[in-house]
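Visitor: May I request a close look at a single part, namely the largest pocket? Please then continue to other regions, with the reasoning set out step by step.

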Amino acid sequence: LNGDILRGQTAFAQYLAGFGWFGSMQYMEAPHGYQLKISNPGTLMYPPQPQGKGPKAESAAPKFPLYWQVDASRYEHSMTLVGMISAGGTNAPQQSHEIGAFVGNELRGSAQAIYIEPLDAYFFFLTTFANVSGELVQFKLYDATTGKIADLTERMFFVPDLHQGALETPVPFSLKSS
């Protein structure tokens, strides 16, 4: 159903009714483990594997090289969110945008903007990592076309396995103004 989530160690996808799976996870691959959060009980069925790959999410892969890269293997816990950059209350991320999650100066997660065709908008599918609950997470925005990094206003406390936002109701982030 709408909003169901399939989550791996470093990426996840969310189901948009009538269109399919969208997010940072492109394939399910053996022997990796996954978590599935579904609205109704049911049976998980997926098609035969095409040439060694699992089910493909329908999102387009980002077109810019990653600016920030985190080593997820250093952390025990993760939390996820679907987010956007809010400008005047509207979704304003662009293809060149990447969001970074930081605890102090330490990178804890990053996600490039991904275009979701049925919604004609870009979204961030961010996985953030930590070893303990309660750490204060701050966010930055990188623009690959300008090379500039800007601080974002929002902050949140890390909660293991928490998921926030959806394609219909993404977590809004805003640029700090001077």
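Guide: A definition is needed before the lining can be described. Ala, Val, Leu, Ile, Met, Phe, Trp, Tyr, Cys and Pro are counted as nonpolar, Asp, Glu, Lys and Arg as charged, and the others, including Gly, as polar. The model under discussion is a predicted one.

By this classification, the lining of the largest pocket comprises ten nonpolar residues, eight polar residues and no charged residue. The volume of the largest pocket is about 400 Å³. Its lining consists of 18 residues, of which T10, S24, L66, S110 and A111 are the closest to the centre. At least two residues of this lining come from β8 (106-112), and at least two come from β10 (121-130).

Attention may now turn to an open sheet, whose four strands follow the order β3-β2-β1-β4 with antiparallel pairing. The edges are occupied by β3 (20-23) and β4 (35-37); each has a single partner strand, and therefore one side of each has no neighbour in the sheet. Direction ignored, neighbouring strands of this sheet are turned against each other by 20 degrees on average. Within the sheet, β1 (residues 5-7) and β4 run antiparallel and are joined by three bridges. One bridge can be named by its residues: R7 has Q35 in β4 as its bridge partner.

At the other edge, strand β3 contains W21. The relative accessibility of W21 is 25%, and the residue counts as partly exposed because this value falls between the cut-offs of 20% and 50%. W21 and I5 are 16 residues apart along the chain, and their C-alpha atoms are separated by 8.7 Å.

A further residue, Y142, belongs to strand β11 (residues 136-143). Is Y142 buried or exposed? Its relative accessible area is 12%, and Y142 is classed as buried because this lies under the cut-off of 20%. When neighbours within four places in sequence are set aside, the contacts of Y142 are Y67, W68, S96, H97, E98, G147, K148 and I149. For one of these contacts, S96, the separation from Y142 is 46 residues in sequence, while the C-alpha to C-alpha distance is 8.1 Å.

Conventions
Residues numbered from 1 in each chain as written. Predicted model: local features only at pLDDT ≥ 70, side-chain atom pairs only at ≥ 80, totals over all residues. Heavy atoms only, no water. 1 Å grid on protein atoms, 1.4 Å probe; cavity = no way out; pocket = protein on both sides within 12 Å on 5 of 7 lines; lining within 4 Å. Points joined across faces, edges and corners; volume = space filled by probe spheres on them. Buried < 20%, exposed > 50% of the residue type's maximum accessible area, 1.4 Å probe, protein only. Contact = heavy atoms within 4.5 Å. Pairing = 2+ DSSP bridges. Axes fitted to C-alpha atoms, helices over the stretch in contact; angles between N-to-C directions.
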